[in-house]
Amino acid sequence: QTQAPSIFQFANRNVIMSKKPEFPKGYLGQQGKFQEFGLSTISHGNPEINIDNNEVEIKLRMTKPVKVTGNLINTSTLKELPEYVFSQTKGDTVIILASLPQTGYYKLQLYALPLTDDSKTLPGVYNYVINCTKA
């Protein structure tokens, strides 16, 4: 049974509170290749993130050179928003910056591949769910 979103009056405007999405067992958090590629979390070891602004910065440590990219997906519209995700490497740290265009729940899917691998396909390595309460 589907539950309608709740609407609250906040500062003279209606704020729609999205229902937390449900995910299959094992979807959130580390995926199979995360440790194999020498990655570990520096920040955000919990795959469920709640923020009261529209940006989140996630830091990962790598033990070997790895290319990391991400995809942001609005869970209510299922619209992919890769242009809202920026990744940068500084030494052995990968910084993922995600900007959320509006309030609600988002999936942030991280993909990675060792720099020595010529494959064009990057496997998923970590999945987050982000609840943005204020954009």
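**Exercise 1. Place Gln109 in the structure and decide whether it is buried or exposed.**

Step 1. Gln109 lies in strand S10, residues 104-114. Strands here are DSSP runs of E, at least two residues, numbered from the N terminus. The model is predicted: local features need pLDDT of at least 70, side-chain atom pairs count only at pLDDT 80 or more, and totals for chains, interfaces and linings use all residues. Residues are numbered from 1 along each chain as its sequence is written, and side-chain values use heavy atoms, leaving out hydrogens and water.

Step 2. Gln109 has a relative accessible area of 11%, so it is buried. Buried means under 20%, exposed over 50%, partly exposed in between (1.4 Å probe, protein chains only).

**Exercise 2. Find the polar contacts that the side chain of Gln109 makes with Tyr27 and Tyr111.**

Step 1. A polar contact is a pair of N or O atoms within 3.5 Å; within protein, one must be able to donate a hydrogen and the other to accept it, and residues adjacent in sequence count only if both atoms are side-chain atoms.

Step 2. The side chain of Tyr27 is reached at 2.8 Å. The side chain of Tyr111 is joined to Gln109 at 3.0 Å.

**Exercise 3. Classify the ring pair of Phe23 and Tyr27.**

Step 1. Rings of Phe, Tyr and Trp (its six-membered ring) pair if their centres lie within 6.5 Å; planes under 30 degrees apart count as stacked, over 60 as edge-to-face and the rest as tilted.

Step 2. The structure holds three aromatic pairs. In the pair of Phe23 and Tyr27, the centres are 5.1 Å apart and the planes at 15°, so the pair is stacked.

Step 3. Tyr27 is buried at 16% relative accessible area. Phe23 is partly exposed at 23%.

How values were computed: Helix = DSSP H or I, 4+ residues; strand = E, 2+ residues; numbered from the N terminus.
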